[in-house]
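Reader: I am new to this structure and would like to know what the terms used for it rest on. Please take them one at a time.

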Amino acid sequence: LSVLTMAQKFTKEFIREHLERNEVDLTLCQLTTVPVKELAAFSQVTVLDLSCNLLKQLPDNFCTLDHLVRLDLGKNQLTSLPDAFGNLSQLQKLDLYSNQLTSLPVSFSQLKLLKWLDVKHNPLEEEILAEAGPCSDDSECRQCAKKVVMLMKERSSTLERKKQQKLTAEREQKAAMRVEEEQHKEEAKRRKAEEKQRRREEYLAQQKIDKETEKRIRRSQEDKDDKPVEEVVKRPPPQQEHGKSSSWRTLLTVLVAVLAIIFGVIFICKDESHCGGLSRTLSNLFRSK
C-alpha cells in the first residue's frame, strides 16, 4: 500500500484488523507517523510492533500509550525519541534496533520495569554505546537495559543537581539583589534625611542671619532716633532763640527812636531857654525809665 492509501485507511477498523488479543502488528505498513489517537482507543493493547516502517520521529502524544509493555521500533529512521518517553512506565521490552538515534532522553531513568533493550546499529554517543554493549543475544540485551537505565539515572541525578544548583544560585542572586535593593533604598533614605537636615540647618542659619540683620537695622534706627533728641537738649529751642532776637530788635528800635527824638529836638530847638527846659524834661524822662 502507498503512504497516501495508508493515511486514508487509519481508522479504528484498520487497527482492529491488525489486533490479535493484546497485540497490534503494524509492521511493514510504510508508516510515516503513528496513529496514536486510534491506538489509544484500545487500552487492552500491551504489545505494539511498528518495525520496518518509515518513522523519523514519534509524536509527543505517543507517550500517553502508557499501557504498553512491549514496543518494537526497529528498522525505522528515528533520529530522536520524545523527552517524555519515560512516561511509558510499564515498558519491559524495547527494540530500537537499526535507527538513526544519536542519544536517548534522560527520562529513560523512569523505565524502572525495563528488562530488555536493543540499541545496536544506531550512531549513539560513545558513553551510551559503552554501557549498552553489543546486544548480540538475549542476555546482552538484558544487561543493556539494566546498564542504560542506570546511566540515565546518573545523568538525571546530575541534571537534577545542576538544576538545584542553578535554582539555588538564582535564589541567592535574587536574595543578593533584594539586599542590594534594600541597601540602595536605605542609602537613598539616608541621603534624603541628610538633605532634609541640611536644608533645615540652612533655614535656621538664614533665620538667625535675618534676625541679627533685623536687630542691627533696629539698633541703627534707634541710634538715628536718639541723635536729634541730644541735639535738641544741647541747642536752645528755636522759639526761645526767636524770642531773644525779637527782644533785641525791640530794644534797638527803642534806642534808635530815642536817639532820633533827641537829635530832632536839638535840631529844632535853637532857643537856649527852651532847650534847657527840654534837657531837664529829657533828664527826668531817663530817670523815670
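Author: A contact means heavy atoms within 4.5 Å. Among contacts in the chain between residues at least 6 apart in sequence, 37% join residues at least 24 apart. Note that the model is a predicted one.

Reader: What makes up the secondary structure of the chain, and in what order do the elements run?

Author: There are 7 helices and 6 strands. Starting at the N terminus, the order is α-α-β-β-α-β-β-β-β-α-α-α-α.

Reader: How much of the chain counts as buried?

Author: Buried means under 20% relative accessible area. The share of the 289 residues that count as buried is 25%. The accessible surface of the chain is about 20,600 Å², and carbon and sulfur atoms account for 54% of that surface.

Reader: Why is Trp-248 called exposed?

Author: The cut-off for exposed is over 50% relative accessible area. Trp-248 has 62% relative accessibility, so Trp-248 counts as exposed. Trp-248 is located in helix H6, residues 238-268.

Reader: Which residues form a nonpolar patch with Trp-248?

Author: Leu-251 and Leu-255 form the surface patch with Trp-248, and together the three have about 360 Å² of accessible area.

Reader: How do you know that Arg-142 and Asp-138 meet in a salt bridge?

Author: The rule asks for a side-chain nitrogen of Lys or Arg within 4 Å of a carboxyl oxygen of Asp or Glu. For Arg-142 and Asp-138 the N to O distance is 3.0 Å, so the pair meets the rule. Both residues belong to helix H5 (residues 138-234) and are 4 residues apart, about one turn of the helix. A search of the whole structure gives 14 salt bridges.

Reader: Why are Arg-142 and Asp-138 called partly exposed?

Author: Partly exposed lies between the cut-offs of 20% and 50%. Arg-142 has a relative accessible area of 44%, and Asp-138 has 41%, so both are partly exposed.

Reader: What makes Arg-190 and Glu-187 a salt bridge, and how are they placed in helix H5?

Author: Their closest N and O atoms are 2.3 Å apart, and the limit is 4 Å. Arg-190 and Glu-187 are 3 residues apart in helix H5, which means a separation of about one helical turn. Arg-190, at 39% relative accessibility, is partly exposed, and Glu-187, at 27%, is partly exposed too. Both residues belong to a network of salt bridges that also includes Arg-191 and Glu-194.

Reader: How do you know that Glu-195 and Arg-198 form a salt bridge?

Author: The N to O distance is 2.2 Å, set against a limit of 4 Å. Therefore the pair counts as a salt bridge. Glu-195 and Arg-198 lie in helix H5, 3 residues apart.

Reader: How many aromatic pairs are there?

Author: The count is 1 aromatic pair. Phe-85 and Phe-108 have ring centres 5.7 Å apart and planes at 10°. Rings pair if their centres lie within 6.5 Å, and planes under 30 degrees apart count as stacked, so this pair is stacked. Phe-85 lies in the loop between strands E4 and E5, and Phe-108 in the loop between E5 and E6, 23 residues apart. Both Phe-85 and Phe-108 are buried.

Reader: What makes the charged end of Lys-93 sit over the ring of Trp-116?

Author: The distance from the ring centre is 4.6 Å, and the rule asks for NZ of Lys within 6 Å of the centre and within 35 degrees of the ring normal.

Key. Residues numbered from 1 in each chain as written. Predicted model: local features only at pLDDT ≥ 70, side-chain atom pairs only at ≥ 80, totals over all residues. Heavy atoms only, no water. Helix = DSSP H or I, 4+ residues; strand = E, 2+ residues; numbered from the N terminus. Buried < 20%, exposed > 50% of the residue type's maximum accessible area, 1.4 Å probe, protein only. Areas by Shrake-Rupley, 256 points an atom, 1.4 Å probe, with all protein chains shown as cover. Patch = residues over 30% accessible without salt bridge, like charges linked within 9 Å, V, L, I, M, F, W, Y side chains within 5 Å. Phe/Tyr/Trp six-rings, centres within 6.5 Å; stacked < 30°, edge-to-face > 60°.
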